Number of protein chains: 2
Amino acid sequence: MKIYGDSISGNCLKVKWTADFLGRGYEWIETDVLQSQSRTADFLAMNPAGQVPAVILDDGRPLAQSNAIIFHLAEGSALIPADAYDRGRMLEWMFWEQYSHEPYIAVARFQVKYLGKAVAELEPRILERGAAALARLELQLGQTPFLVGDRVSLADVALVAYTRVSHEGGFGLEAYPAVRAWVARVEQALGIA
Amino acid sequence: MKIYGDSISGNCLKVKWTADFLGRGYEWIETDVLQSQSRTADFLAMNPAGQVPAVILDDGRPLAQSNAIIFHLAEGSALIPADAYDRGRMLEWMFWEQYSHEPYIAVARFQVKYLGKAVAELEPRILERGAAALARLELQLGQTPFLVGDRVSLADVALVAYTRVSHEGGFGLEAYPAVRAWVARVEQALGIA
């Protein structure tokens, strides 16, 4: 498998961590988003959406979207709950991540750390919704050690990717003790600490 | 099953269409987002994200996020490809929908049709990215009758929901003939024409 990814991107690291956890071999092809390397003709032929991560599976077929890739890689493994309801909850968190967490927590980090914006210059909407996303995580993680019950799943992989670096976008975790403890727990479970 | 949904929301209609297609019985509980009925204490106790759709399954357990709900309902049915790679591609489209399509195509429609904005007043980013999303669909649907090969799947359910009403947000489909033909094909396949 070839993984086209940018090492600064949490979405790309999800794929790396999942492959590493599962012991799947791969070639990592560093693809610099800031240099528009995901917008070249060759890249767009593989993934017309022009986004990383994207993978080329061993049989030569492409797959994109971080959460779809990790689902595909992890099918049949312990990272996807065997129980159908728990699987549904895992996907609930993964879709929520892309709609209600990443566009605020990851975007704030990108604008602050890589584009040089001050936290005070971020759109108010980003600050409000990012804080709401962390509060939503805190509520769940005050009740269960992982997002879906008592075992690590792809929901944790998807959500930890940007939560663990949320301070880089101005979202400190001081007010979210359950989230902080969970980040450490997931890093240990995945071996990425 | 109880479905809490707003009939004006494509995300909610995805759940209705999937349940209808599968012959699953349900009680539809109309939940008016414009009246903040998804923000009451009772609703938030069921879905702390404060979003519709949300369902209460027959065993009393809740599930949220439109694409997670339809995945759960459709497990083991023909709406999810039996082939693992095709299943991955289906999820790729579904995650892309929530990140790169819905925030532009659905948001434009909401602002124009329900908040009374003029199309010219929409953020330029919404217009650009909405058009890019439709171009991405056109590219695929010039090659295959459905988003994943030659059979209808949840990818089509997820993407048709707002694409079929995209003109209500100013995104006419005149320049996208393959998308137009696909909308009709999916509506017929799902029995929602």
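This passage describes the predicted model, from its confidence and chain arrangement to one helix and one buried residue. Residues are numbered from 1 along each chain as its sequence is written, and chains are lettered from A and ligands numbered from 1 in the order in which they are written. Local features need pLDDT of at least 70, side-chain atom pairs count only at pLDDT 80 or more, and totals for chains, interfaces and linings use all residues, while side-chain values use heavy atoms, with hydrogens and water left out.

Chain A has a mean pLDDT (the predictor's confidence in each residue, from 0 to 100) of 97. In chain A, 100% of the residues reach 70 or more. For the complex, the predictor gives an ipTM of 0.97 and a pTM of 0.97.

Chain B superposes on chain A after a rotation of 180° with 0.0 Å of shift along its axis. The RMSD is 0.0 Å. Superposition is by least squares on the C-alpha atoms of residues with pLDDT of at least 70 in both copies. The two copies are thus related as by a two-fold rotation axis. In chain B, the C-alpha of B:Y99 is nearest the axis, 3.1 Å from it. Of the interface residues of chain B, 100% are also interface residues in chain A, so the copies meet through the same surface.

Helix α1 of chain A covers residues 10-22. Helices are DSSP runs of H or I with at least four residues, strands are runs of E with at least two, and both are numbered from the N terminus. The 13 residues of α1(A) reach 18 Å from first C-alpha to last, close to the 18 Å expected at 1.5 Å a residue. The expected span is 1.5 Å times one less than the number of residues. At the start of α1(A), a side-chain oxygen of A:S9 comes within 3.2 Å of the backbone nitrogen of A:N11. Just after the helix, A:G23 takes a positive phi of about 70°.

Several residues of α1(A) are buried, among them A:C12, A:L13, A:V15 and A:W17. Buried means under 20% relative accessible area, exposed over 50%, and partly exposed in between (1.4 Å probe, protein chains only). The cover over these buried residues includes β1 (2-5), α3 and α4 (84-114) of chain A.

A:N67 lies in helix α3 (residues 66-74) of chain A. A:N67 is buried, with a relative accessible area of 1%. Contacts (heavy atoms within 4.5 Å) of A:N67 include A:K14, A:M94 and B:F95, not counting residues up to four places away in sequence. The C-alpha atoms of A:N67 and A:L154 are separated by 8.2 Å.

Definitions and conventions. A polar contact is a pair of N or O atoms within 3.5 Å; within protein, one must be able to donate a hydrogen and the other to accept it, and residues adjacent in sequence count only if both atoms are side-chain atoms.
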